[in-house]
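Me: Got a minute to go through a structure with me? I'll throw a few quick questions at you.

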Amino acid sequence: MKFDFILSHEQQALVESSLTVIDKVISRYIHTNEAVCGLDPDDLYQEGAAALCKAAATYDGTSAQFSTYATAVIRNHLLNHCKAVNAGQRNLPTVSLDDCGSDDSRPPPCPEPFTPDGVDELIGRLDADDLLADCKRRYTGVARLGVEALELKIKGLSGADIARLYHTTPNNVGAWISRAARKIRKDFALQE
């Protein structure tokens with residue numbers, strides 16, 4: 001939350017008299033999780049306090065009681081905060097704790113996240129260059145873009161690098177690759 005306001009003495013008094021609203025909102029609308037950074041009760045209370053200050057700064061005094069208005073502002077802010085924390089958690093790789101007992105002084109390497117989809121196995125069975133060149137000649141549209149993206153991935157470019165080359169988003173590149181992989185799998189299944 002960006003703080004681009006200064007609270008007056010009246011607004012500060014309003015915040016100080018309404019601190020219990022934060023606890024009520026957290027207990028009623030939010031599920032805390034001490035195992036996740038950003039979702040433990042202390043972090044949520046701090047975020048709620050910032051939202052309470054924002055509520056005091058934007059309260060007009062005519063639409064509703066301050067506690068009602070502050071509840072809505074705090075709840076919305078905390079829900080957005082929780083969504084952002086959960087979205088960040090999805091992208092974290094998992095590391096096995098079994099590897100921690102190694103005798104080396106260096107830590108074990110972090111495994112790269114992997115989603116099995118069969119494309120790697122298919123490309124491993126055939127000569128990738130020949131396969132992709134043949135597919136590139138036969139396919140058009142999104143499937144062809146996916147084949148080109150696969151060629152660039154084999155050369156070591158990341159999805160973000162490919163997206164920059166094509167002036168698009170990494171999600172689009174992933175969709176292209178998915179479409180091409182599905183088409184390659186289908187064609188390969190018809191050949192067998």
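Me: Let's start with His81. Buried or exposed?

Reply: Keep in mind this is a predicted model. His81 counts as buried because its relative accessibility is 18%, and the cut-off for buried is under 20%.

Me: OK, and which helix is His81 in?

Reply: His81 sits in helix H4, which covers residues 66-90.

Me: What does His81 touch, leaving out residues up to four places away in sequence?

Reply: Gly38, Leu44 and Glu47.

Me: Switching to Leu132. Buried or exposed?

Reply: Buried, with a relative accessibility of 1%. Leu132 is part of helix H6, residues 128-138.

Me: Which residues does Leu132 contact, with the same sequence neighbours left out?

Reply: Val147, Leu150, Glu151, Ile154 and Ile184. For Leu150, the C-alpha atom is 8.0 Å from that of Leu132, and the two are 18 residues apart along the chain.

Me: New topic: the surface. Which residues gather in the patch of positive charge?

Reply: Arg179, Arg182, Lys183, Arg185 and Lys186. Arg182 is in helix H9, residues 170-191.

Me: How much relative accessible area does Arg182 have?

Reply: 47%, so Arg182 is partly exposed; exposed would take over 50%.

Me: And where is Asn172 found?

Reply: In helix H9. Asn172 is partly exposed too, at 35% relative accessible area.

Me: How far apart are the C-alpha atoms of Asn172 and Val142?

Reply: They're separated by 9.6 Å, with those positions 30 residues apart along the chain counted as their spacing.

Note on methods:
Residues are numbered from 1 along each chain as its sequence is written. This is a predicted model: local features need pLDDT of at least 70, side-chain atom pairs count only at pLDDT 80 or more; totals for chains, interfaces and linings use all residues. Side-chain values use heavy atoms; hydrogens and water are left out. Patches are made of residues with over 30% relative accessible area and no salt bridge: like charges are joined within 9 Å, nonpolar side chains (Val, Leu, Ile, Met, Phe, Trp, Tyr) within 5 Å. Accessible areas come from the Shrake-Rupley method with a 1.4 Å probe; for residues, only the protein chains shown count as cover. A salt bridge is a side-chain nitrogen of Lys or Arg within 4 Å of a carboxyl oxygen of Asp or Glu. Lys and Arg count as positive and Asp and Glu as negative; His and the chain ends are not counted. The place of a charge is taken as NZ of Lys, CZ of Arg, CG of Asp or CD of Glu. Helices (H or I, at least four residues) and strands (E, at least two) are DSSP runs, numbered from the N terminus. Buried means under 20% relative accessible area, exposed over 50%, partly exposed in between (1.4 Å probe, protein chains only). Contact means heavy atoms within 4.5 Å.
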